[in-house]
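Student: I should like to learn how the features of a protein model are read. May we go through one together?

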Amino acid sequence: ASDVYKRQANFRKSLQVNQSVITAGGIHGTIKEITDDYVVLEIASNVKIKIDKNSIFADASAASNQSK
């Protein structure tokens with residue numbers, strides 16, 4: 001289980017602006033801003049939400065590749 005936590009922590013450290021991600025709640029969005037504690041996700045044209053960095057769950061492009 002600790003490997004999973006390490007992978008998630010490393011993934012969150014490597015987040016980049018304009019990266020497509022999925023939140024733990026299942027929201028798909030594009031990162032527009034990153035701080036130490038939160039990210040701003042654009043979930044639709046000019047619709048942005050601020051979420052805790054720990055709720056970023058996965059890279060959307062990697063997730064869509066796995067489901068194919």
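Tutor: The dialogue that follows takes up the helix, the strands, the loops and the surface in turn. Please keep in mind that this is a predicted model.

Student: Let us begin with the helix. How many residues does α1 have, and what span should they give?

Tutor: A helix can be checked by its length, at 1.5 Å a residue. The 12 residues of α1 should span 16 Å, and the end C-alpha atoms of α1 are 16 Å apart, so the two values agree. Helix α1 covers residues 2-13.

Student: Which residues of α1 are buried?

Tutor: Residues Q8, F11 and R12 of α1 are buried. Seen down the axis of α1, the buried residues fall within an arc of 95°, so they line one face of the helix. The face turned away from that buried side carries the exposed residues D3, K6 and K13.

Student: What do the buried residues of α1 pack against?

Tutor: They pack against two strands, β1 (20-23) and β5 (56-59). Residue Q8 offers a case to examine. Its relative accessibility is 19%, and because buried means under 20%, Q8 counts as buried. Leaving aside neighbours within four places in sequence, Q8 is in contact with I56 and F57.

Student: Can the packing also be read from the side of the strand? Which residues does A58 touch?

Tutor: Residue A58 is found in strand β5. Not counting residues up to four places away in sequence, A58 touches F11, V21 and I22. F11 is one of the buried residues of α1. A58 is itself buried, with a relative accessible area of 17%.

Student: How far apart in space are A58 and V47?

Tutor: A separation along the chain and a separation in space are read as two distinct values. A58 and V47 are 11 residues apart along the chain, and their C-alpha atoms are separated by 20 Å. For N18 and K32, the separation is 14 residues in sequence and 5.9 Å in space, C-alpha to C-alpha.

Student: Where does N18 lie, and is N18 buried or exposed?

Tutor: N18 is placed in the loop between α1 and β1. Its relative accessibility is 53%, so N18 counts as exposed. Beyond residues up to four places away in sequence, N18 touches T30, I31 and K32.

Student: What is to be noted about the phi of N18?

Tutor: Most residues other than glycine have a negative phi. The phi of N18, however, is near 75°, a positive value in a residue other than glycine. N46 likewise is not a glycine, yet has a positive phi of about 60°. This residue, N46, lies in the loop between β3 and β4 (47-52). With a relative accessibility of 69%, N46 counts as exposed.

Student: I should now like to consider charged side chains. How many salt bridges does a search of the whole structure find?

Tutor: Side chains of opposite charge can pair when their charged atoms come close. A search of the whole structure finds one salt bridge. K32 forms a salt bridge with E42, and the closest N and O atoms are 3.8 Å apart. K32 lies in strand β2 (residues 28-34) and E42 in strand β3, so the pair ties together parts that are 10 residues apart in sequence. At 32% relative accessibility, K32 counts as partly exposed.

Student: Which residues are in contact with K48, apart from its neighbours within four places in sequence?

Tutor: K48 is in contact with K32, V40, L41 and E42, once those neighbours are left aside. K32 and E42 are the partners of the salt bridge. K48 has its place in strand β4 and is partly exposed, with a relative accessible area of 48%. The C-alpha atoms of K48 and Y38, 10 residues apart along the chain, are separated by 13 Å.

Student: Finally, let us turn to the surface. Which residues form a nonpolar patch there?

Tutor: The patch is formed by I27, I43 and V47, which together have about 210 Å² of accessible area. Of these, I43 is found in strand β3 (residues 38-44). I43 counts as partly exposed, at 36% relative accessibility.

Key:
Residues numbered from 1 in each chain as written. Predicted model: local features only at pLDDT ≥ 70, side-chain atom pairs only at ≥ 80, totals over all residues. Heavy atoms only, no water. Patch = residues over 30% accessible without salt bridge, like charges linked within 9 Å, V, L, I, M, F, W, Y side chains within 5 Å. Areas by Shrake-Rupley, 256 points an atom, 1.4 Å probe, with all protein chains shown as cover. Salt bridge = Lys/Arg side-chain N within 4 Å of Asp/Glu carboxyl O. Helix = DSSP H or I, 4+ residues; strand = E, 2+ residues; numbered from the N terminus. Buried < 20%, exposed > 50% of the residue type's maximum accessible area, 1.4 Å probe, protein only. Contact = heavy atoms within 4.5 Å. Expected span 1.5 Å × (residues − 1). Arc of directions from axis to C-beta.
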